[in-house]
Amino acid sequence: MTSVSTSNTSASGKTAAERYGVLPRPELEWNAQVERETAHLYELVKEHIPAIEWPVYAPYVHAINKLKKERNAAILAHNYQTPDIFHCVADIVGDSLQLAKEATKVDADIIVQCGVHFMAETSKLLNPDKTVLIPDMKAGCSLAESITGADVRLLRERYPGVPIVTYVNTSADVKAESDICCTSSNAVAVVESFGVDRVLCIPDEFLAQNVAAQTKVKILTWKGHCEVHERFTAEELLAYREADPEIQIIAHPECPPSVVEIADYAGSTSGMINYVRDQRPPKVLLVTECSMASNIESSAPGVQFIKPCNLCPHMKRITLPKILDSLLEMKDEIHVDPSTADRARQAVERMVNLKQ
Ligand code: 13P
Ligand code: SF4
């Protein structure tokens with residue numbers, strides 16, 4: 001996370017807490033008003049949160065929703081956030097890039113990013129005038145941490161003239177050293193957009209190998225892996241299919257190529273959600289983080305979800321109590337050094353503007 005400024009202050013020299021003020025902690029009581037005003041939200045999560053536990057969640061949900069109006073804040077939640085966050089306090093949900101793009105359209109001064117650090121940084125890049133907060137600064141990502149800006153400069157020296165395509169799951173420092181960004185949905189089109197025969201596609205080795213299987217362009221890569229998706233194996237998935245041939249297998253392209261090869265569909269988290277909503281397979285095996293299936297089950301009635309899932313420990317650092325603290329105390333603010341931000345933003349915008 002080298003692009004995070006070591007100071008907590010913005011260009012004004014003041015911290016977010018100084019600019020907006022710290023608010024007193026509300027009473028977190030389970031009472032008739034809280035019960036009444038959160039009842040419609042409980043309906044959305046009742047399959048995942050037992051009724052006996054709701055009195056613990058509801059006061060936080062109630063306080064956060066009140067506070068975000070007072071602060072004129074928008075809560076962005078990635079598809080891997082837990083159902084209480086995804087359904088009960090988020091204003092925008094989606095995959096990593098969608099969140100940053102949607103945030104440019106909301107009329108909010110403050111963005112609270114419920115996801116991991118690189119996502120908050122990407123939101124800051126595309127929303128430089130907004131205050132971007134992350135409820136836990138330690139929410140990292142094994143892919144983003146596999147490579148630094150200095151590594152990319154070395155790659156450029158070693159492969160002069162070879163375009164560098166960087167997955168959005170990277171720090172702003174790494175994006176700033178790259179020619180263009182890609183997501184798991186558009187990586188093939190981005191790689192082919194250069195019209196050359198060799199491209200560096202970093203840092204996800206498996207995503208790069210999955211791209212290489214779909215293009216004639218020679219792909220050079222890096223040894224970064226997602227610690228959640230690298231653990232799935234073709235053998236375990238084939239055992240499910242053998243047990244029930246009706247099962248459709250849907251995988252994230254961060255999985256090893258042997259897994260993606262046997263999948264009926266591979267795409268970004270939003271691509272996977274759209275596939276399930278549009279195709280309505282009777283039984284679907286989601287090869288990705290655990291919360292995805294829980295979050296989309298209610299919008300795909302009639303689909304039976306099989307969940308051989310792995311938890312992302314970084315995503316799970318974000319909790320309702322930390323979101324409340326973030327809004328009360330205006331922490332932790334994301335800063336990106338302005339010259340790094342300009343170059344990183346260009347790499348993201350080149351991808352967004354690419355005609356596909
Ligand atoms: P998406 O961009 O597909 O949401 O992926 C983000 C991520 O962290 C997957 O592991
Ligand atoms: Fe990073 Fe993998 Fe977690 Fe996504 S699921 S944030 S790629 S470690």
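In this predicted model, the shell around ligand 1 is shared between parts of the protein: domain 1 (4-140 + 315-336) and domain 3 (229-306) each supply at least three of its residues. The residues that surround ligand 1 are His78, Tyr80, Asp95, Ser96, Met119, Asn169, Ser184, His229, His252, Glu254, Ser268 and Thr269. Sorted by class, this shell holds eight polar residues, two charged ones and two nonpolar ones.

A closer look at the side chains picks out some short distances. An N or O atom in the side chain of His78 is 2.7 Å from an oxygen atom of ligand 1, and for His252 the corresponding distance between a side-chain N or O atom and a ligand oxygen is 2.9 Å. Thr269 joins these two histidines, with a polar side-chain atom 2.6 Å from an oxygen atom of ligand 1. Taken on its own, ligand 1 has 300 Å² of accessible area, and the protein covers 95% of that. The space that ligand 1 takes up is the largest pocket.

Ligand 2 also has its place in the largest pocket. Around ligand 2 are Tyr80, Val116, Cys141, Ser142, Leu143, Asn169, Cys226, Val228, Glu254, Cys312 and His314. Here the classes are seven nonpolar residues, three polar ones and one charged one. It is worth keeping both shells in view, as Tyr80, Asn169 and Glu254 appear around ligand 1 and around ligand 2 as well.

Three cysteines in the second shell deserve a word of their own. In an unreviewed UniProt entry, Cys141, Cys226 and Cys312 carry the annotation "binding site". These cysteines span 172 residues in sequence, yet no two of their C-alpha atoms are more than 9.3 Å apart, so the three gather at one spot. Cys141, Cys226 and Cys312 are also included in the lining of the largest pocket, and each of these cysteines is listed among the residues surrounding ligand 2.

How values were computed: Residues numbered from 1 in each chain as written. Chains lettered and ligands numbered in written order. Predicted model: local features only at pLDDT ≥ 70, side-chain atom pairs only at ≥ 80, totals over all residues. Heavy atoms only, no water. Near = heavy atom within 4 Å. Polar contact = N/O pair within 3.5 Å; in protein donor to acceptor, adjacent residues only side chain to side chain. Areas by Shrake-Rupley, 256 points an atom, 1.4 Å probe, with all protein chains shown as cover. 1 Å grid on protein atoms, 1.4 Å probe; cavity = no way out; pocket = protein on both sides within 12 Å on 5 of 7 lines; lining within 4 Å. Sits in = over half its atoms within 2 Å of the grid points. Nonpolar A, V, L, I, M, F, W, Y, C, P; charged D, E, K, R; others polar. Domains from an automatic or database assignment. UniProt positions renumbered as here; feature names shortened; annotations may be inferred.
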